[in-house]
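Me: I would like a close look at one part of this protein. Take a single turn, then work outward through whatever flanks it, and tell me how far to trust each piece.

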Amino acid sequence: MAPRPALPHVLAVALLLALTGAPAHAAQPGSPPPSGTHVLKPGEFLWMPELAPEGPVVIVISLPQQLAYVYRNGIRIAVSTISSGKDGHET
């Protein structure tokens, strides 16, 4: 049996976070947009929906960086670590 691709699951989680406004590391007023993602540990994410409260949502997955980025109305409002799996290590 071939391993199932993990990307649809990652996208589903990221989309759910984008649409529900799930709490996470809440932004403080005046804080910068999510950046410096190198400080995120596995399983952590930043969620700052107030940076762009309305507009279309786009999710970008970076397999090399193992990060998911969420943009609303062209503004990055979230970043999350992902674990996409690899040969011999299914997600």
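Reply: Start at Asn73, which sits in the loop between β4 and β5 (75-81). The model is predicted, so confidence is covered below. Asn73 is not a glycine, yet its phi is positive, at about 55 degrees. The loop belongs to a hairpin: β4 and β5 have two residues between them, and Asn73 takes that positive phi there.

Now follow the two strands away from the turn. β4 and β5 pair antiparallel, over six bridges. One position in that pairing puts Leu67 opposite Thr81 of β5.

β4 has a partner on its other side too. β3 and β4 run antiparallel and are joined by six bridges. Within that pairing, Val57 stands opposite Arg72 of β4. Val60 has Tyr69 of β4 as its bridge partner. So which strand carries pairings to both β3 and β5? It is β4, with antiparallel bridges to β3 and to β5.

The turn between β3 and β4 has its own positive phi. Gln66 lies in the loop between β3 and β4 (67-72). Gln66 is not a glycine either, and its phi is positive, at about 55 degrees. Here the hairpin has four residues between its strands, and Gln66 takes the positive phi. Is Gln66 buried, partly exposed or exposed? Its relative accessibility is 25%, so Gln66 counts as partly exposed; the cut-off for buried is under 20%.

Next, the strand end before that turn. Ser62 lies in strand β3 (residues 57-62). Ser62 has 13% relative accessibility, so it counts as buried. A polar atom of the Ser62 side chain lies 3.2 Å from the backbone nitrogen of Gln65. Beyond its neighbours within four places in sequence, Ser62 touches Leu67, Tyr69 and Ile82.

Tyr69 deserves its own stop. Tyr69 is in strand β4. Its relative accessible area is 10%, so Tyr69 is buried. Its side chain makes a polar contact with the side chain of Gln65, at 2.6 Å. That brings Gln65 up twice: through its backbone nitrogen, by the Ser62 side chain, and through its side chain, in contact with Tyr69. Tyr69 also links to an earlier part of the chain. Its C-alpha atom is 9.7 Å from that of Phe45, and the two residues are 24 apart along the chain.

Why is β4 described as largely enclosed by the rest of the structure? Because five of its six residues are buried.

The nonpolar cores show what some of these residues pack with. The largest core has six residues: Phe45, Trp47, Ala52, Val70, Ile77 and Ala78. β2 (45-47) and β5 are the elements that give two or more residues to this core. There is also a second, separate core of five residues, with Leu46, Leu67, Tyr69 and Val79 among them. Tyr69 therefore has a place in a nonpolar core and, because its relative accessible area is 10%, counts as buried. In soluble globular proteins, nonpolar side chains tend to be buried together.

Set this part against the rest of the protein. There are one helix and five strands. In sequence order the pattern is α-β-β-β-β-β. Of the 91 residues in the protein, 30% are buried. Among contacts with a separation of 6 or more, 40% join residues 24 or more positions apart. About 6,100 Å² of the protein is exposed, and carbon and sulfur atoms supply 63% of that area.

Now, how far to trust it. Mean pLDDT for the protein is 73, and 57% of residues reach 70 or more. By element, confidence is highest in β4, at 97, and lowest in strand β1 (residues 25-26), at a mean of 43. Over residues 1-34 the pLDDT is below 50; that stretch still has 43 contacts in the model beyond near neighbours in sequence.

In short, the picture centres on β4. It is paired antiparallel with β5 and with β3. Each of the hairpins holds a residue with a positive phi near 55 degrees: Gln66 in the one of β3 and β4, Asn73 in the one of β4 and β5. Confidence in the model is highest in β4.

Methods. Residues are numbered from 1 along each chain as its sequence is written. This is a predicted model: local features need pLDDT of at least 70, side-chain atom pairs count only at pLDDT 80 or more; totals for chains, interfaces and linings use all residues. Side-chain values use heavy atoms; hydrogens and water are left out. Buried means under 20% relative accessible area, exposed over 50%, partly exposed in between (1.4 Å probe, protein chains only). A polar contact is a pair of N or O atoms within 3.5 Å; within protein, one must be able to donate a hydrogen and the other to accept it, and residues adjacent in sequence count only if both atoms are side-chain atoms. Contact means heavy atoms within 4.5 Å. Two strands pair if DSSP finds at least two bridges between them. Accessible areas come from the Shrake-Rupley method with a 1.4 Å probe; for residues, only the protein chains shown count as cover. pLDDT is the predictor's confidence in each residue, from 0 to 100. A nonpolar core is a set of buried Ala, Val, Leu, Ile, Met, Phe, Trp, Tyr and Cys residues joined through side-chain atoms within 4.5 Å.
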